[in-house]
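Subject: A structure for you to look at

Hi there,

Here is the structure I promised to pass on to you. Have a look at it first, and then read on for what was found in it.

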Amino acid sequence: MSEVLDTARLSVEHETLYKYNHAVEQAQHIACLRPLSDEGQRLEVFDMSVSPVPTQHSTRRDSHGNSRAYFAMHAAHTQLRVMARSQVTVTSRYQGLDPAKGPTCGEVRDLLAYRAHAAFQPASEYLYASPYVPCLSALREYGLASLHDDRPLAEAAMELMSRIHEDFTYAPASTDISTPVLDVFLQRKGVCQDFAHLMLGCLRACGLAGRYVSGYLLTLPPPGQAPLVGADASHAWVSVWIPGLGLARAEDWLDLDPTNDCVPDIHHVRVAHGRDFGDVTPLRGVIRGGGSHTLLVRVTTRLLDEPVLQTPVRTNVA
């Protein structure tokens, strides 16, 4: 039997190309493209090139711990190309996960509930509505079908993920970032960022904390394994706050991918996390001029070594 490893070395290329109909006179941009580095993921190499060369450039950490690059161009240009190259070693954070253990939904709700003069709980930042994730009664009702007070939160959240995967259709180009999450809920289709926002809306409406995770998936799976939906593009999933999960590398957060109905493992590269897509947008900016434009985004994630990769934990497998 082949050895199953819990670590993979991956390379990622993320290219963004804007072409403008008219010259852009000035531009200010923010990029969130540098992968996270922590107990479960080690960033070994990162390089970001911008063409034309920016007049100004700086980097800093935001309030969520993500790396942001700020750059500005003051010379006229008709296209913008940003290429980010990363090399990471990803280690499984959820080996030994037992969804039936850990605190219940009710216990975690109590920990997050507001109490006068109580110590600040950092996870509460991900408890409330955000620009892309409003608090909606329809999402609360949908979420409560899984998130019962007396049920282990890990088990309940994984069931909620599976229900979203089953009830909603992945349909590329069926939505864009301006599509309200309620429209996604009613039309029962969307893309990975929609499913992440939808699941976050359910969790938060039920008094639980969840954050939006941006990242990448392995483009070419190992032989005999089906490709994950969302490869060859930026991907998105959610992370649920579950204190006392009992896994050292997890740091009290359980990642769940409703698009693929799996617990993210070494196939997933984490770039950033925040309240919603707006906190982790890969590239955004303000320009003067330009007229209309075309946009090309290309993402390629490759395996650098050739280990026998561990299959993601899928909840619909007996």
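A residue counts as buried when its relative accessible area is under 20%. By that rule, buried residues make up 52% of the 318 residues in the chain. Please keep in mind that this is a predicted model.

Let me start with the overall picture. The chain is built with six helices and 15 strands. If you take the contacts between residues at least 6 apart in sequence, 77% of them join residues at least 24 apart. On the outside, the chain exposes about 14600 Å², and carbon and sulfur atoms supply 52% of that area.

Next come the empty spaces. Rolling a probe the size of a water molecule over the atoms shows where empty space is left.

The largest pocket has a volume of about 720 Å³. Which residues lie nearest its centre? They are Q193, S234, F277, P282 and V297, out of 27 residues that line this pocket. Several elements give two or more residues to the lining: the strands β1 (7-31), β8 (210-217), β9 (235-241) and β14 (293-303), together with the helices α5 (192-205) and α6 (277-280). Of these, β1 gives the most, with three residues. Sorted by class, the pocket lining has 17 nonpolar residues, nine polar ones and one charged.

There are closed spaces too: the structure holds four cavities of 30 Å³ or more. The largest cavity has a volume of about 90 Å³. Its lining is made of 13 residues, and R93, P264, D265, H268 and R270 are the closest to its centre. Two strands, β5 (77-91) and β12 (268-274), are the elements that give two or more residues to this lining. By class, the cavity lining divides into four nonpolar, five polar and four charged residues.

Now for some details of the backbone. Most residues other than glycine have a negative phi, and most peptide bonds are trans. Here are some places to look at with that in mind.

- S51 and P52 are joined by a cis peptide bond, with omega at about 5°. You will find P52 in the loop between β2 (41-51) and β3 (56-61).
- R188 is not a glycine, yet its phi is positive, near 60°. R188 sits in the loop between α4 (181-187) and β7 (189-190). Its relative accessible area is 31%, so R188 counts as partly exposed.
- D252 also has a positive phi without being a glycine, and the value is near 65°. Look for D252 in the loop between β9 and β10 (253-256). With a relative accessible area of 31%, D252 is partly exposed.

One last residue to find on screen is S67, which belongs to strand β4 (residues 67-73). Is S67 buried or exposed? S67 is buried, because its relative accessible area is 12%, and the cut-off for buried is under 20%. Leaving aside residues up to four places away in sequence, S67 touches A31, C32, R34, R60 and R61. Try selecting S67 together with these partners, and you can see what lies around it.

Happy exploring, and write back whenever you like!

Best wishes

Technical notes: Residues numbered from 1 in each chain as written. Predicted model: local features only at pLDDT ≥ 70, side-chain atom pairs only at ≥ 80, totals over all residues. Heavy atoms only, no water. 1 Å grid on protein atoms, 1.4 Å probe; cavity = no way out; pocket = protein on both sides within 12 Å on 5 of 7 lines; lining within 4 Å. Points joined across faces, edges and corners; volume = space filled by probe spheres on them. Helix = DSSP H or I, 4+ residues; strand = E, 2+ residues; numbered from the N terminus. Nonpolar A, V, L, I, M, F, W, Y, C, P; charged D, E, K, R; others polar. Buried < 20%, exposed > 50% of the residue type's maximum accessible area, 1.4 Å probe, protein only. Contact = heavy atoms within 4.5 Å. Areas by Shrake-Rupley, 256 points an atom, 1.4 Å probe, with all protein chains shown as cover.
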